Structure formats: structure tokens, C-alpha cells
Amino acid sequence: MLHKQYYVELEKYNRLLARKNEKTSDYNGIYDRFRDPVLTREHIPLFWKYDLDIHTNPYFMERLGVNAAFNSGAMELNGKYYLVARIEGADRKSFFAVAESDSPVDGFHFWDYPVELPDTCPQETNVYDMRLTKHEDGYIYGVFCSESKDTTVNDLSAAVAAAGIVRTKDLRAWERLANLKTLNSPQQRNVVLHPEFVDGKYAFYTRPMDDFIDTGSGGGVGFGLCEDITNAVIDEEIITSRRKYHTITEAKNGAGAVPIKTERGWIHIAHGVRNTAAGLRYVIYAFATDLKEPWKVIAEPSGFLIGPKGGERVGDVSNVVFTNGAIARENGEVYIYYASSDTRLHVATTNIEKLMDYVFHTPQDPGRSVDCVAQRCEMIRKNLEIIKNEN
């Protein structure tokens, strides 16, 4: 016998999953935002949170609560859309779960069970932020942050971040490989596997860090090669998209979604961080690298692509947008899945042509206020002349 409240909550849950998402009226010509998040903690199945046995849970209380559903890898597979989301329990531990839909913008429902990763790292306490790469070797790889307690210091908040690696063919059976080793970087997270071999080797975009929070001497998004994915070791990291003073990447930056291949270059959708009086502000930005030498930046438009807006600014870690998943379809459609304030997951839609136009034709940041004003005034003069001639 099920508690009567179960049916009340089930009706809410089913209504949520059936709700159709709609584009907002926000316009910038680059992408469209959507009214509703695609995943929230309300999307979590009831039987993940409640003990449904009325004898052991007579008041129908949450026994294993869920706090958030956010940073998600993304993939289209066999005509369906899949998100491997970060689910954070009320106990602060994160885990991965697969959500599936016939639509890229709504209707996502979780599989019955979350992902059970092989337990090969006894010191590992937490896992999160998986990037999914369909590699040309035939596997789907998941690269994620593997967090452990830093036992070298007497500080309960001190942690060590490493890049964990798993692979699968169907998102159900996962093989755990050895964590990535970077010889010149003590810690790593926000690591992305490039989808193609480079010079016959596996290629990774890294984020060199001196410790768990601060990048320290890490100069930006790194790039490195390894021979063997089952025991991945990177000897040397080249910096691609660099951190720069008084920009959106001043505090740190990192790879986001798996880069998208276009006829002009690889388009990267990454994240940048700067310090403010209210704390760190995370935004999403884009840049492009060379097709044959994917560590070489060939275009870097000024400013951010997506910043937190409206209700997106509020959550567990406010003033944050973050992406680790995008789907680029063969028909040119692009879906960027981004989380807001470490709480919920949204989608923005665009296409390859628009992304290419944005990345390759948006002016670069000239670096100084006086030059930025001159850049803007030049465009204003041109536009006023067009308006004058039009009238």
C-alpha cells in the first residue's frame, strides 16, 4: 500500500515531465534561451528520495533528499538526447545520472538507477561535472572531476582534484580507467577529451592548477597528448586560451563542452571566472582553434557568450553559469546545456552558421577601456550612417 501523498507528488512530477518548453523573447541574434530549465531537483524520481514502504515511512518523508541537478554532459545517440547530469544529494555528495528525452529542450526523464561507477579509487570522496566525448576510436568517454581529501594539511576543506576517466558504448556499462596524470600540474579539473586523434595520440584540454581552488601559475586552458588512454599520462601542457588581466577569464578559465568541428576550426564553449565584491562570477565564452593544430587559438571574440540572467543568478553558488555539455547535430542545430548557480540546468539553442559568425566576426577585446570605447564608437558611426541613408 502506498501513502496517499505519493499520488499527489506523482501527479506534480508527471505534469513537470509533460510540460513543453518555449523560447523566451530575449534576443541577441546568437542563441535563444528557453523559459524553463531542462533539469531541476524536481525532475528526480520520487523513488530516489522517498522510502515508499508505508510501514517504514508512515509520514512519507524524504529519506535521501536531493539538493540540485546541474552540470551535465550531453549527447545525441540513436535519435535520442541524453544528459549525464551531476546530482547533488542533501548530504553534499554528487553522483551521475542519465536523463533521456525525444526532445532536446524538454521531457527529460531519469533512468531508474543513477550511474554506478566502478569503485577503483578508495580515497575518492566526490565526483562531478562529466564531459562526454564520442571518440573516433569507437568509445564514448566520460571525463570528470575526482575529488579526494587533501591529507597533507590540517584543513577539513582542503581537497585534491584529479581527472577521472570512464568509457562506455551505451551509457549503461562503464569501464573505469586510471585517472589522468599531468606531470607538471599538481591538480586537474575541467578536463575535456578531444574527439579525434592528434598525431596518432589522444588529446586532452586541461586546466592546470596549483591547488583545489586557485589556478596559481596555471595560465589558462591547457592542451596535452598521451599515447595510452587506459593509462593516460601527459608530459607537457601547452596553454591555448590564456587567462588575461581585467577580462572575464582573469581569475581562471576552463574547458567546457567538447569542441565542435566546423569547416573553419574547432569551436570551444568554455567558462571564464573573475573576482567581484560579491565573490566569483562565472560566465560562458567561446573561442576557436585550428583544425590541424587544435591547441592554436585562431579566433577569440570579446566578452562572454552567456552570462547569468534574472533567476539564473540565484542559487547555491550565485552569479554563475557553467557548461560541460553541448550537442551539435548533423543538420547544423546546436544545443548548449548550461547550469545556473550550481542549482539547475538550462538549454540555449543556436546553429553552426551562427556560432561561426559569432566566433570569427565578433571583434576581439582590445584590452583597454579607451580602445574599447574607440571600437564601439567606430561601430556607432557606421550604424548612424546606415540609419541616415535608410531614412
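Reader: Which residue in β15 does Tyr202 stand opposite?

Author: Tyr202 faces Cys226 in β15. Keep in mind that this is a predicted model. The general idea first: strands of a sheet pair through backbone hydrogen bonds, either parallel or antiparallel. Here, strand β13 (residues 202-206) and strand β15 (residues 220-226) run antiparallel and are joined by 5 bridges.

Reader: And what is the strand order in the open sheet that holds β13 and β15?

Author: Read across, the order is β12-β13-β15-β17, so to speak a row of 4 strands, and the pairing is antiparallel. At the edges stand β12 (192-193) and β17 (238-242); each has a single partner strand, so one side of each lacks a neighbour in the sheet.

Reader: Where else is there an open sheet of 4 strands?

Author: Look at β6-β7-β8-β9, given in sheet order and again with antiparallel pairing. The edge places go to β6 (124-134) and β9 (175-177), and because each has a single partner strand, one side of each is left without a neighbour in the sheet. Ignoring direction, neighbouring strands in this sheet are turned by 30° against each other on average.

Reader: How many bridges join β6 to β7?

Author: There are 8 of them, with β6 and strand β7 (residues 140-149) running antiparallel. For a pair to click on, take Glu124: its bridge partner in β7 is Ser148.

Reader: Let's move on to β20. Is it mostly covered or mostly exposed, and how many of its residues are buried?

Author: Buried here means under 20% relative accessible area. Strand β20 (residues 266-276) is mostly covered, with 8 of its 11 residues buried. As background, side chains in a regular strand alternate between the two faces of the sheet.

Reader: Which strands does β20 pair with?

Author: Start with strand β18 (residues 252-254), which runs antiparallel to β20 and is joined to it by 3 bridges; Lys252 has Val273 as its bridge partner in β20. Then there's strand β19 (residues 260-261), also paired with β20 in the antiparallel sense, over 2 bridges. In that pairing, Ile260 has Ile267 of β20 as its bridge partner. Finally, 11 bridges link β20 to strand β21 (residues 279-289), and these two run antiparallel. His271 stands opposite Ile284 in β21.

Reader: What should I look for in the turns on either side of β20?

Author: Count the linking residues, then check the backbone angles. The hairpin of β19 and β20 has 4 residues between the strands, and Gly265 in that turn has a positive phi of about 160°. From β20 to β21, the hairpin passes through 2 residues.

Terms used: Residues are numbered from 1 along each chain as its sequence is written. This is a predicted model: local features need pLDDT of at least 70, side-chain atom pairs count only at pLDDT 80 or more; totals for chains, interfaces and linings use all residues. Side-chain values use heavy atoms; hydrogens and water are left out. Buried means under 20% relative accessible area, exposed over 50%, partly exposed in between (1.4 Å probe, protein chains only). Two strands pair if DSSP finds at least two bridges between them. Axes are lines fitted to C-alpha atoms, for helices over the stretch in contact, and angles run from 0 to 180 degrees between N-to-C directions.
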